[in-house]
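Colleague: Could you take a close look at one part of this model for me, and walk me through how it sits among its neighbours? Plain talk is fine, as long as you tell me what the terms mean.

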Amino acid sequence: MTDLTNYALKFANIKCIGDEPQGFDTIKPINIIIGRNNSGKSTLLDLFPALTRASYEPDARLSRQTDSPPIAKISIRLTAELLGPHFPHLATGSPYSHTNFHDAWTFAEKYLVGKQATFDFKGMDAERADIAIEGEAEFRKYFNEWGQNDYKRRISQAIPNPFENFTFHRISPERSLKAEQDQNSKVHENGDGGTNEIQRFLNKDGLPPDLVSQWLLRMLNSIVTPDAEFTQIVTRQIDKAGKWEVFLREEKKGLIPLSKSGHGLQTIILVLVHTLLKIYPDKDHSKHIFAFEELENNLHPALLRRLLDYIRRLAINSRGTFFITTHSHVVIDMFRRDENAQIIHVVNDGHSATCRTLTTYIEHGNVLDDLDVRASDILQANCVIWVEGPSDRIYLNRWIELASNGELREGTHYQCVFYGGRLLAHLSGKLPDDEGDDAVKILTLNRRACVVMDSDKRTKDQAIGKTKERIVDEIAKVGGLTWITAGKEVENYVPAKVIEQALGLEKSFVITPYADVFSRLDKVEKGVGKRERDRKPLFAERVAEALTVDNWKHLDLENRLGELCEKIHFWNGNRE
């Protein structure tokens, strides 16, 4: 299938989007479209059905101006691999042989490779004569009309339709699953047909019932547990008219009709219908584009996070492409640092909508302002881990990834906050309402707190500082977790062999639990320890890359990570 990350896709003259094209600078596996209600988020999805059809015939009702159709503009960065077969060497008799290019490939290599080509989409087989090439003014003068038509024709032939053979699936903000007649109808955006799709797999010859009875049920439980756990999914006829209803069996509750369940549960099952049943018999999702609108509607934030995590796994492991419209800050928290995702902010000034891909911290913050998310909403974060500084955060994130088999991620299940070593004395784990001191109360930021502290011990028998003992006592009383390193500092948890590998050292060295790691490095190779101490975050990044499932366990690290991951799981609602 075509790699959509190579393409940009923008729209004009469609509903709230005017003449200036708006949309996606690239298409990633996960594309979050965020903005206020009625800002124009859904508009960015409206032309996808037309794009995947051989004949590009957009719904005329989508046009902003009724006298011209909506426009879809596609851009691609031209590569030698794309152009090579269509711009041959020594093409005698062509317009290129009468210029200083000598042949078609000489021209393409000099003026086309690396440039962006943009064209209006007109269907899979349409000639793209209106194609525009970045920097075209540099070479256009060398060609007569015949030559200009020739290089555009060749570029047109070189560019594949990026949406060819994709199937488009959409779930609208207003949706439900209800009892339905047995009929061969597709699953609609509002959920109509979803019940019938489930019963077809369970009851019709030629379709695998275990795709529902086992796989869909298993995925459903992975999302709803621990809030619920279902042991069976069945369909039954409920009236003389022959309508079918989906029932879920829950321990001690018996069979529950889905139409009587919450709309949040119906949303989850609709997502599973689209990502499991509607793609059958495909083994992966690479031929499908999914557009899910406002999944947060009637869905608890914890369930939303688990549903989004399921979608993320499909995007990465099964190569699906997802567009998700939302006005939930939970979605921003999950995907703002994810390299497989991008966030597009849609703003409407009352006349037209504009789009911007968010890349900086400030831009993400502006989105929160647009959605009226207050700074105090961090109280809703699943948990906060207090660490001394940025290098400790890098180690901790990597260790949590390894210890949890990739299940726990910062921004989704927890958030790291820095306190700075010497500032620890000014922090308190007491309840925010407690009086009697002027210390900054950790729980004011978040009531679910873990604090990781260097022991700073230089010998095994050296006592722990009184400030650390106080923090341990205060956090324990409120059900939090503290972790004082077994060695001198966090760096002492890294085996010497890993550091040797990360830095490419030729000499081996030994790190004892209470030794200063950077001083030991200086003894191995003069100046190395000082250099790495001065750039500790960069050092931590290189070391973290060298940590694997086979080399990370050192001192009491495995036990402490086990306790920490268990606490994070608990605070994320996994209370088994």
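**Helix 9 and its surroundings**

Modeller: Let's start just upstream: Asn298 has 62% relative accessibility, so it counts as exposed (that label means over 50% relative accessible area, buried means under 20%, and partly exposed is in between, using a 1.4 Å probe and protein chains only). Keep in mind that this is a predicted model, where local features need pLDDT of at least 70 and side-chain atom pairs count only at pLDDT 80 or more, while totals for chains, interfaces and linings use all residues. Residues are numbered from 1 along each chain as its sequence is written, and side-chain values use heavy atoms, with hydrogens and water left out.

Asn298 belongs to the loop between strand 11 and helix 9 (helices are DSSP runs of H or I with at least four residues, strands are runs of E with at least two, and both are numbered from the N terminus). Its phi is near 60 degrees, a positive value in a residue other than glycine. Most residues other than glycine have a negative phi. On the far side of the helix there's another one: Arg319, just after helix 9, has a positive phi of about 60 degrees.

Helix 9 itself runs over residues 301-317, 17 residues in total, and reaches 24 Å from first C-alpha to last, close to the 24 Å expected at 1.5 Å a residue (the expected span is 1.5 Å times one less than the number of residues). It's mostly covered, with 12 of its 17 residues buried. Among them are Leu303, Leu304, Leu307, Leu308 and Ile311, but charged names such as Arg305, Arg306, Asp309 and Arg312 are on the list too.

What do those buried residues pack against? They meet strand 3 (30-34), helix 7 (210-224), helix 8 (263-277), strand 11 (288-293), strand 12 (321-326) and helix 10 (329-335) (contact means heavy atoms within 4.5 Å).

Take helix 7. Its axis passes 8 Å from that of helix 9, at an angle of about 135 degrees (axes are lines fitted to C-alpha atoms, for helices over the stretch in contact, and angles run from 0 to 180 degrees between N-to-C directions). The two helices are therefore oblique to each other (under 35 degrees is roughly parallel, over 145 roughly antiparallel, 65 to 115 roughly perpendicular, and the rest oblique). Met219, Ser222, Ile223 and Val224 of helix 7 touch Leu303, Arg306, Leu307, Tyr310 and Arg313 of helix 9.

Helix 7 also packs on helix 8, at about 135 degrees with the axes 10 Å apart. Here the contact includes Trp215, Met219 and Ile223 of helix 7, plus Ile268, Leu272 and Leu276 of helix 8.

Both of these neighbours are followed by a loop with a cis proline bond. After helix 7, in the loop leading to strand 8 (230-237), sits Pro226, and the bond joining Thr225 to Pro226 is cis, with omega about 15 degrees. Pro281 is in the loop between helix 8 and strand 11, and the Tyr280 to Pro281 bond is cis too, omega near 10 degrees. Most peptide bonds are trans.

For the wider setting, the protein comes to 19 helices and 20 strands, and 52% of its 576 residues are buried.
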